[in-house]
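Biologist: Let's read a model together. Where should we begin?

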Amino acid sequence: MLHLFPSISNSVQSIIFKTLNPCISLSRLCHFKAKRGFDSLNQTSSVQNSVAVFWDLDNKPPNAFPPFETVVKLKTAASSFGVVRSMVAYANQHSFSYVPKAVREQRRERKLLNQLENKGVIKSIDPYVCKVCGRRFYTNEKLVNHFKQIHEREHQKRVNQIESARGSRRVKLVGKYSMKMEKYKNAAREVLTPKVGYGLADELKRAGFWVGTVSNRPQAADFALRDHIVDVMDKRKAECLMLVSDDSDFVGVLKEAKLRCLKTVVVGDADDGALKRVADAGFSWTEILKGKAKKEAVSVVGKWKDRDILKKLEWTYDPEVERKFYGSEDMFDEESEDLDFDGSDDGNSSDYMHKEDSGAWWELDTDSDADSSKSQ
């Protein structure tokens, strides 16, 4: 028990503590133990208004939208509910190797344009500029060949030097080549075509996501993502959970999060899905990309604040605490020992009670009645 009021008994302190903290009644459902002292205060301050984003890429991949822009919009919407502390995404190997239809059409068009440029049928108005060295080319195919023959080889040499170095020399090489390697990655993203898939994992990592790859077994990503969410809830690392999925298998996880007094938000295309019915708020991809979710988040956060205030004002009856505080049983026992209900007295008390009950309870004694009773 918190010793906030030394002069008050422990029973009173328990009533005050439970009245101010209604979520304590759900502590039996939590798998963590609260720390006392300054560590618990620091942990509470860091968790307050923190948001954790979990993305089920197998169920909800950004096929029709660019991955990096989608993640930026998603993070912007999540930041409306609090400080985004972690962003996690899980998918199997097939999801990262799959190429959406829109990306395949863009590659087909680019290949046709390269053929027409090589034959001289069409000519680009602006030359193709290499963003690493600044050289200009009149065809896109010459730019790609230049990039592969020179800059890709130089980048691979730098990577090999860093991997072969150890200790302080490795640290110096990383600091020496960091800007050049970053410049190469930004240029290669526009020039080179990814060998596997369409660069989904790299785009998510660039936007700040931690990406986990699981096996191709059925629901392997669901199990990994669910375990990660439960771990975050056990360690109390977030106050709000945002789940990007339409899979109804996560209904149990959302219910457990609400039992632990956590706020839940779902992003999915199903208008009346099982997840959105359980969660506190739900949005679609269109609302995320258009910024509508960020505007609606203001009202959602306001409702959460009102709910927290009402919970603090709630009073719950605990018979054990009330019995310890008021001592009703002990008082009743002491009074029952003093009183004699067997009629062993001289009869004065029974006569007095009979006189008191002779009149109706709503009739008041007048002054004349009081004087007559005294004369008798």
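Modeller: This is a predicted model. Begin with Lys 60, whose relative accessible area is 9%. Buried means under 20%, so Lys 60 counts as buried.

Biologist: Where is Lys 60 found?

Modeller: Look at the elements on either side. Lys 60 lies in a loop, with β1 (50-56) before and α3 (67-79) after.

Biologist: With which side chain does the side chain of Lys 60 make a polar contact?

Modeller: With that of Asp 246, at 2.7 Å.

Biologist: Which residues does Lys 60 touch, leaving out those up to four places away in sequence?

Modeller: Asp 246 appears again, along with Val 244 and Ser 245. Gly 268 and Asp 269 are also touched. Two tryptophans complete the list: Trp 55 and Trp 285.

Biologist: Now backbone angles. How do I read the sign of phi?

Modeller: Start with the general idea. Most residues other than glycine have a negative phi. Now take Gln 219. It is not a glycine, yet its phi is positive, about 60°.

Biologist: Which elements flank the loop that holds Gln 219?

Modeller: β5 (210-214) and α9 (220-234).

Biologist: What is the relative accessible area of Gln 219?

Modeller: It is 41%. Partly exposed runs from 20% to 50%, so Gln 219 is partly exposed.

Biologist: What is the phi of Cys 261?

Modeller: About 65°, again positive in a residue that is not a glycine. Cys 261 sits in the loop between α10 (251-259) and β7 (263-267).

Biologist: Is Cys 261 buried or exposed?

Modeller: Buried: its relative accessibility is 19%, and the cut-off is under 20%.

Methods: Residues are numbered from 1 along each chain as its sequence is written. This is a predicted model: local features need pLDDT of at least 70, side-chain atom pairs count only at pLDDT 80 or more; totals for chains, interfaces and linings use all residues. Side-chain values use heavy atoms; hydrogens and water are left out. Helices (H or I, at least four residues) and strands (E, at least two) are DSSP runs, numbered from the N terminus. Buried means under 20% relative accessible area, exposed over 50%, partly exposed in between (1.4 Å probe, protein chains only). A polar contact is a pair of N or O atoms within 3.5 Å; within protein, one must be able to donate a hydrogen and the other to accept it, and residues adjacent in sequence count only if both atoms are side-chain atoms. Contact means heavy atoms within 4.5 Å.
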